[in-house]
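Hi everyone, thanks for coming along. Let me put the chain up on the screen, and then we can walk through it together.

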Amino acid sequence: MVEEQHAHHSEEIKTNLRSRLNRIEGQVRAINRMIDEDVYCDDVLTQIRATRSALNSVAMRLLDYHMKSCIMDKVNDGKQQEAMEELLVTFQKLMKG
């Protein structure tokens with residue numbers, strides 16, 4: 001059985017990520033309304049690009065937290081190889097998107 005892992009983010013980090021994700025959720029709802037209202041395609045695409053950029057920003061912030069906490073915890077516990085393998089898998093996941 002695979003050991004389930006959990007992040008240990010501070011409330012400040014969680015609040016920051018939730019705030020960003022709530023804004024992105026609003027952007028997605030706006031895109032949906034734009035489609036319903038037959039807004040000009042280029043304007044919808046501009047909003048989609050902005051939403052994608054906001055999601056990338058959240059991903060980068062989360063990656064930063066992951067590297068500074070989860071990965072460093074493994075390194076400090078003497079699990080350098082495991083930490084590097086996990087980091088490579090994480091980067092592969094990000095690159096697929």
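Before I point at anything, one term: helices (H or I, at least four residues) and strands (E, at least two) are DSSP runs, numbered from the N terminus. What we have here is a predicted model, where local features need pLDDT of at least 70, side-chain atom pairs count only at pLDDT 80 or more, and totals for chains, interfaces and linings use all residues. Residues are numbered from 1 along each chain as its sequence is written, and side-chain values use heavy atoms, with hydrogens and water left out.

Let's start with the pocket. On a 1 Å grid over the protein atoms alone, a pocket is an open set of points where a 1.4 Å probe fits, with protein on both sides within 12 Å along at least five of seven lines; lining residues have an atom within 4 Å of a point. Which helix gives the largest share of the lining of the largest pocket? That is α2, with eight residues. Both α2 (41–76) and α3 (80–96) supply at least two lining residues each. The lining has 23 residues, and Q5, H6, H66, C70 and E86 lie nearest the centre of the pocket. The space inside comes to about 680 Å³, where the volume is what is filled by probe spheres set on the points, joined across faces, edges and corners.

By character, the lining splits into seven nonpolar, seven polar and nine charged residues. Here Ala, Val, Leu, Ile, Met, Phe, Trp, Tyr, Cys and Pro count as nonpolar, Asp, Glu, Lys and Arg as charged, and the others, Gly among them, as polar.

Now to E86 again, and its partners. A salt bridge here is a side-chain nitrogen of Lys or Arg within 4 Å of a carboxyl oxygen of Asp or Glu. The search of the whole structure turns up five of them. K74 and E86 meet in one, at 2.2 Å from N to O. This pair links distant parts of the chain, with K74 in helix α2 and E86 in helix α3, twelve residues apart. K74 also bridges to E82, the closest N and O atoms being 3.3 Å apart, and K74, E82 and E86 are linked in a network of salt bridges.

Are these side chains buried or exposed? Buried means under 20% relative accessible area, exposed over 50%, and partly exposed in between (1.4 Å probe, protein chains only). K74 is buried at 12%, E86 is buried at 18%, and E82 is partly exposed at 39%.

Compare that with a pair inside one helix: R29 and E25 both lie in α1 (residues 11–36), four residues apart, about one turn of the helix. Their closest N and O atoms are 3.3 Å apart. R29 is partly exposed at 45%, and E25 is partly exposed at 43%.

Back to α2 for one more contact. I71 is found in that helix and is buried, at 3% relative accessible area. The C-alpha atoms of I71 and M84 are separated by 7.9 Å, with the two residues 13 apart along the chain.

I'll finish on L94, which lies in α3 and is partly exposed, at 35%. Thanks, and I'm happy to take questions!
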